[in-house]
Amino acid sequence: MDLSFSFIIPVYNRPNEIKELLDSLRLQTYDKTFEVVIVEDGSTISSEEVIGEYVDALAISYYKKPNSGPGDSRNYGMSRAKGNYFIVLDSDCILPPQYLVEAEKSLQEDYVHCYGGPDAAHESFSTVQKAINYAMTSFLTTGGIRGGKKAVDKFQPRSFNMGISKEAFEKVGGYGNIHPGEDPDLTIRIWNKGYKTKLISEAFVFHKRRIDWNKFYTQVNKFGMVRPILNKWHPETKKITYWFPTVFCLGLLISFVLAIAGFMIPLYVYSLYFLLLFVDALRKTGNLKVAFLSLLATAIQFIGYGYGFLKSTLYINSSGKKPEEIFPKLFFRVN
């Protein structure tokens, strides 16, 4: 198949990030022309000057629009892109030089209308960034849903690194206005139209995630809050495993209570789990500090997601209101 790639990159007040991403795009070993579509989503700190430095090296299409969120901005970019296969990236990603070569190779061997790739920690990342990356990608913490394992049944791509054909985009109508949660919502609607998705392990990105611990908690808390909304919209996708962080946290609290009463076995089990996490993080990162911080990142991830999931489940199931009315901050208004 004759593939023509267009990268779709929404950016909001991140000129330094877009510079790093464009640097990595300029270093691609891919020998064909590809388009870079950048959508400035109502930024107050413009990236126009930075982007201007790359117009001679890359085929850039640059658009400005009022702020309407990442999903609508991706739709805006894809509706104007010239290629027939779109690669959606977050602005805080860096691509390895072989990214496009690997993506095209995999699609030529086994074509699908939507794919996702993993995220990895670059050696230049801070210890906090590496710890958060471990917590969000390890099989021991997320079960491989972000590309941490080879065999994933009906892999759900994430928009920090996601490919979608022009045909599939036009068929499903692109992203909705929920955020976060726009990624799985889009993927489920792609499945419902009969299209397949897959993981391309070799098409990974370095996802910088410029966040501190407070922002990380807010992020994972929102992830937990949107999942019951997606379950309501797409009940066929419900899984008991979505309850794991909530049950994990409640079980940990109960284990402390039992320990006070003299029954230590549950707390020993939790201690063993965190010991396994520490050993695995140390093995993968080779850094003692990152391994310790990975335990903190995992705890924040479970608590934030678990609480958000429980709260959202209770509100949605006990209220007759629409999710947009209950949690308006999880939805962008599209003009």
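Helices are DSSP runs of H or I at least four residues long, and they are numbered from the N terminus. The model described here is predicted.

## A nonpolar surface patch

By that numbering, helix α11 gives the largest share of a nonpolar patch, four residues. The patch lies on the surface and is formed by Phe 139, Leu 140, Leu 272, Leu 275, Leu 276 and Val 279. Together these residues have about 560 Å² of accessible area. Two elements give two or more residues each: α6, spanning 139–142, and α11, spanning 265–285.

Leu 272 is one of the patch residues. Its place is in helix α11. Leu 272 has 49% relative accessibility, so it counts as partly exposed.

## Two domains and their interface

The chain is divided into two domains. Domain 1 takes in 5–117 and 157–210, while domain 2 covers 218–329. Their C-alpha centres lie 29 Å apart.

How many residues of each domain are in contact with the other? Nine residues of domain 1 meet 11 residues of domain 2. The two domains bury about 830 Å² between them. Carbon and sulfur atoms account for 72% of that area. On the domain 1 side, Ile 178, Pro 180 and Ile 188 supply 54% of the area buried against domain 2. That is more than any other three residues supply. Zero salt bridges are found across the interface of domain 1 and domain 2.

Pro 180 has a further feature. A cis peptide bond joins His 179 to Pro 180, with omega about -5 degrees. Most peptide bonds are trans. Pro 180 is found in the loop between α7 (166–172) and α8 (182–192).

## Two buried residues

Ile 87 lies in strand β4, residues 85–89. Its relative accessible area is 0%, so Ile 87 is buried. Which residues touch Ile 87, not counting residues up to four places away in sequence? They are Phe 5, Ser 6, Phe 7, Ile 8, Tyr 99, Leu 100, Tyr 115, Met 162 and Gly 163. Ile 303 is 216 residues from Ile 87 in sequence. In space, the two are 32 Å apart, C-alpha to C-alpha.

Asn 221 sits in helix α9, residues 213–233. Is Asn 221 buried or exposed? Its relative accessible area is 13%. The cut-off for buried is under 20%, so Asn 221 counts as buried. Leaving aside neighbours within four places in sequence, Asn 221 is in contact with Gly 304, Tyr 305, Tyr 307 and Gly 308.

## A positive phi

Asn 13 is not a glycine, yet its phi is positive, about 55 degrees. Most residues other than glycine have a negative phi. Asn 13 is placed in the loop between β1 (5–11) and α1 (15–26).

## Salt bridges

The structure holds 15 salt bridges. Among them are these three pairs.

| Pair | Closest N to O distance |
|---|---|
| Lys 19 and Glu 53 | 3.3 Å |
| Arg 283 and Asp 280 | 2.8 Å |
| Lys 284 and Asp 280 | 3.3 Å |

The side chains of Lys 19 and Glu 53 meet in a salt bridge. This pair links distant parts of the chain, 34 residues apart. Lys 19 is in helix α1. Glu 53 is in the loop between α2 (48–52) and β3 (59–65). Lys 19 is partly exposed, at 33% relative accessibility. Glu 53 is also partly exposed, at 48%.

Asp 280 forms a salt bridge with Arg 283 and another with Lys 284. Arg 283 and Asp 280 both lie in helix α11, three residues apart, which is about one turn of the helix. Lys 284 and Asp 280 are four residues apart in helix α11, so about one helical turn separates them. Asp 280 is buried, with a relative accessible area of 10%. Arg 283 counts as exposed, at 60% relative accessibility. Lys 284 counts as partly exposed, at 47%.

Which residues are linked in a network of salt bridges? Arg 74, Asp 90, Glu 182 and Asp 183 are linked in this way.

Definitions and conventions
Residues numbered from 1 in each chain as written. Predicted model: local features only at pLDDT ≥ 70, side-chain atom pairs only at ≥ 80, totals over all residues. Heavy atoms only, no water. Patch = residues over 30% accessible without salt bridge, like charges linked within 9 Å, V, L, I, M, F, W, Y side chains within 5 Å. Areas by Shrake-Rupley, 256 points an atom, 1.4 Å probe, with all protein chains shown as cover. Salt bridge = Lys/Arg side-chain N within 4 Å of Asp/Glu carboxyl O. Buried < 20%, exposed > 50% of the residue type's maximum accessible area, 1.4 Å probe, protein only. Domains from an automatic or database assignment. Contact = heavy atoms within 4.5 Å. Buried area = accessible area lost by both parts, 1.4 Å probe.
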